[in-house]
Amino acid sequence: MTTTETINDTPIERPKPKDYKSDLKPVWCPGCGNYAVLNALAQAFTDLEIPRENLAVITGIGCSSRLPGYLSTYGFNSLHGRALPIALGVKLANPSITVIAAGGDGDGFSIGGGHVPHAVRRNADITYIVMDNRIYGLTKGQMSPTTPLDSYTSTTTYGSYDPPVNMAGYVLAYGAGFIARGFAGNIKQLTELFKQGILYRGFSFIQALSPCVTYRGQGEYAAIKAVSKDLPPDYDPGNLRAAWEIAENTDSEYLGVIYLNKNLVPYEERLARMRATALSRPVKPLDELMDEFKP
Ligand code: SF4
C-alpha cells in the first residue's frame with residue numbers, strides 16, 4: 001500500500017486505486033464500458049479504505065466477468081451464471097469480508113436468472129453489480145436479456161423480438177433494499193453508487209450501463225446518454241411508490257439510487273439469531289432421539 005501522508009510525524013498508509021488493480025492488462029476492446037466500471041470499483045475500494053485481503057470479487061462468465069483478474073483482491077471467475085450462489089458461499093464462510101458479485105446482463109438475468117430472486121430475498125450483505133452492455137459480447141454479439149426491442153444482433157437479423165428485462169423492476173418486485181443505476185459515461189457517479197452499495201447492510205443491486213462498442217456500435221455511449229438522466233434532487237429513494245414509477249419508466253434510464261430501505265434485516269443477523277435459538281435448546285441424547293424414529 002502507498003504511504004502518502006503523515007499525522008503527528010507518523011506515516012499513514014493510504015491505498016490508491018492502482019493498489020487494487022493487478023498487473024494483468026485488460027483485454028477488453030478499446031472504449032468498452034467495463035474499463036470505467038473497473039476504475040470506479042477500484043476508486044470505491046480506495047475511498048472506503050477496504051484492505052485488499054478483506055475483499056472478494058466473484059463473477060460468472062463473460063467479458064465483464066474477467067473483472068477479478070484485473071483486481072488484486074481475492075476473486076473467483078466462476079461458472080456461467082453462478083456468481084451469486086458462490087458469492088453467498090464466500091460470505092457465509094467469512095462474514096467479515098466485503099463480497100462483490102459481478103457479471104453481465106446475460107450472465108445474471110438469463111443464464112443465472114434463477115438465482116437473482118433468491119439472492120434478493122435472502123438479503124445477505126453482498127453487492128451485486130450487473131455490467132449491462134445489452135448484448136452477449138464474449139460470444140460475438142447475440143441478443144441478451146436486455147437487448148432493446150427490434151435491435152439487430154447476430155441472432156436477430158430481423159430485429160430482436162423479446163422486450164428487454166426490466167432489472168430495477170425485477171429486483172424491486174422481490175424486495176431488494178438497495179437498487180441503483182449508473183453509467184460508464186459517469187465514473188464519478190458510478191463510484192459513489194458502488195460506495196453506497198458496499199456500505200448498505202444487506203443485498204445491494206447496482207445496474208452499471210456499460211456499453212459494448214464492438215457489438216452494439218460506437219454510438220452506444222451517445223445512445224445511452226440521450227435517454228439517461230439523473231434522478232431529480234428532491235427524489236426520495238425511501239418512497240417505494242416513487243421507486244416503482246422510476247423502475248417502470250422504460251423510456252428513460254434514470255441514474256442514481258432508485259430505492260433504499262434501511263429497515264430490512266440482513267441474512268447474517270437472522271442466521272445469528274437462528275443459531276442462538278438452536279444452541280439454547282436442550283440437546284436430546286442420541287438414543288432418545290433414535291427412539292422417536294422406531295416403528
Ligand atoms: Fe467490451 Fe463488447 Fe469488447 Fe466485450 S466485446 S470487451 S463487452 S466492447
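The following questions and answers concern a predicted model and its sheet, one helix and a ligand shell.

Residues carry numbers from 1 along each chain as its sequence is written. In this predicted model local features need pLDDT of at least 70, side-chain atom pairs count only at pLDDT 80 or more, totals for chains, interfaces and linings use all residues, and side-chain values use heavy atoms, with hydrogens and water left out.

Colleague: Which strands stand at the edges of the open sheet?

Modeller: Eight strands (DSSP runs of E, at least two residues, numbered from the N terminus) form an open, mixed sheet in the order E4-E3-E5-E6-E8-E7-E10-E9, where pairing requires at least two DSSP bridges between two strands. One side of each edge strand is left without a neighbour in the sheet, because each has a single partner strand, and these strands are E4 (74–77) and E9 (228–230).

Colleague: In E4, what is the bridge partner of Val57?

Modeller: Strand E3 (residues 55–59) pairs with E4 in the parallel sense over four bridges. In E4, the partner of Val57 is Gly75.

Colleague: Within what arc do the buried residues of H8 fall?

Modeller: In helix H8 (residues 240–248; helices are DSSP runs of H or I, at least four residues), Ala242, Ala243, Ile246 and Ala247 are buried (under 20% relative accessible area, 1.4 Å probe, protein chains only). They line one face of the helix, because, seen down the axis of H8 and taking directions from that axis to the C-beta atoms, they fall within an arc of 135°.

Colleague: Which exposed residues does the opposite face of H8 carry?

Modeller: Exposed means over 50% relative accessible area. The face of H8 turned away from its buried side carries Arg241, Glu245 and Glu248.
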